[in-house]
Amino acid sequence: MHITYLLNSGFAVELADTLLVFDAYDDPSHSLDAILAKHAFGRVYFLASHSHYDHFNGDLLKRYAPQATAFILSHDIRHTVGARKLPGEKIVWMDDYSSWHDDALSVESFSSTDIGTSYRVTAEDVTIFHAGDFNFWDWTGDTHENRMLAANGFHKQLKRMQGMTADIAFFPVDGRLESTMAKGAEEFCAATDVKALVTMHSVGFPSWHPRKEFFRVGHEIPVWSPVTPGESKEFAKTGEFR
């Protein structure tokens, strides 16, 4: 698969005949236009995990309505102004812990530790997890009570993901959290069986690299932390970024 970083948590994933676009709210490198111009995909799916402005932009997505096979949107987007700009017959609404499929794509949703959902999708024998804003939001300056609530919410959801498999996972490593920025990603990688990690939600911060002890011994996986819109990588199912 070929992966292109759009911005924040936005990524375009090119498979042989399928284009998957996750949480596209801006595309300063005009990557989507370039991708669609060079390849006539049989299916094009846009997925949005929740309604925050930096994850969903109806004005951007409506530009691609003619090419879109479906817009797969979290339930909280339903009543937004942006949702009304998209063709209703192409929208698939996803509740927490729900599933949807057609003959080319299978989608399973989880809840989040913010609003909306996270997604595990399978197409062309490739499985991808996109966390949206699901993360261990452990703000060091917050109250003890709020930090405990954040921990409980994260671990409750993570328990439902225990042992989940995916070829690649997109997960937040947000520099605003400072010393706890990678806490959620570390626990997620320990609890699941993913072959590679792409970090997101890090606008304005340098590329992140895991410390030596980040992965359990014997469970090390490749990591890509893009920072510049338009950056792209090839990912092989053997577990390598090129």
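Helix H4, which covers residues 183-191, lies across strands S10, S12 and S14 and runs at about 155° to S12. The model described here is a predicted one, and the angles, distances and contacts below are computed from that model.

The strands beneath H4 belong to an open sheet of seven strands, whose order is S7-S8-S9-S10-S12-S14-S15 and whose pairing is mixed. At the edges of this sheet stand strand S7 (99-101) and strand S15 (223-224), each of which pairs on one side only. A second helix, H3 (residues 144-161), also packs on the sheet, where it touches strand S8 (105-110), strand S9 (118-123), strand S10 (126-130) and S12, and the direction of H3 makes about 145° with that of S8.

Within the sheet, S7 and S8 are joined by three bridges in the antiparallel sense, and the two strands form a hairpin with three residues between them. In this pairing tryptophan 100 has valine 107 in S8 as its bridge partner. The antiparallel sense is found again between S8 and S9, which pair over six bridges, and there serine 109 stands opposite tyrosine 119 in S9. Strand S12 (residues 168-172) and strand S14 (residues 197-200), by contrast, run parallel and are joined by four bridges, with proline 172 placed opposite methionine 200 in S14.

The table gathers the strand pairings, including two that involve strand S5, which is taken up further below.

| Strands | Sense | Bridges |
|---|---|---|
| S7 and S8 | antiparallel | three bridges |
| S8 and S9 | antiparallel | six bridges |
| S12 and S14 | parallel | four bridges |
| S4 and S5 | parallel | four bridges |
| S5 and S6 | parallel | four bridges |

The helices H3 and H4 also pack against each other, at an angle of about 30° and with their axes 10 Å apart. Since angles under 35 degrees count as roughly parallel, H3 and H4 are therefore roughly parallel to each other, and their crossing is right-handed. On the H3 side the contact is made by Phe154, His155, Leu158 and Met161, which meet Gly184, Glu187, Phe188 and Ala191 in H4. Sorted by class, the residues in this contact of H3 with H4 are five nonpolar, two polar and one charged.

Helix H3 also contains alanine 151. This alanine 151 counts as buried because its relative accessibility is 13%, and buried means under 20%. The C-alpha atom of alanine 151 is separated by 9.8 Å from that of asparagine 135, a residue 16 residues apart from alanine 151 along the chain.

Strand S5 (residues 70-74) is mostly covered, with five of its five residues buried. Ala70, Ile72 and Ser74 point one way from S5, while Phe71 and Leu73 point the other way, and all of these residues are buried. Strand S5 runs parallel to strand S4 (residues 43-48), to which four bridges join it, and in that pairing the bridge partner of phenylalanine 46 is phenylalanine 71 in S5. Strand S5 also runs parallel to strand S6 (residues 91-94), again with four bridges between the two strands, and here isoleucine 72 stands opposite valine 92 in S6.

How values were computed: Residues numbered from 1 in each chain as written. Predicted model: local features only at pLDDT ≥ 70, side-chain atom pairs only at ≥ 80, totals over all residues. Heavy atoms only, no water. Pairing = 2+ DSSP bridges. Contact = heavy atoms within 4.5 Å. Axes fitted to C-alpha atoms, helices over the stretch in contact; angles between N-to-C directions. Buried < 20%, exposed > 50% of the residue type's maximum accessible area, 1.4 Å probe, protein only. Parallel < 35°, antiparallel > 145°, perpendicular 65-115°, else oblique. Left-handed = near helix turned anticlockwise from the far one by under 90°. Nonpolar A, V, L, I, M, F, W, Y, C, P; charged D, E, K, R; others polar.
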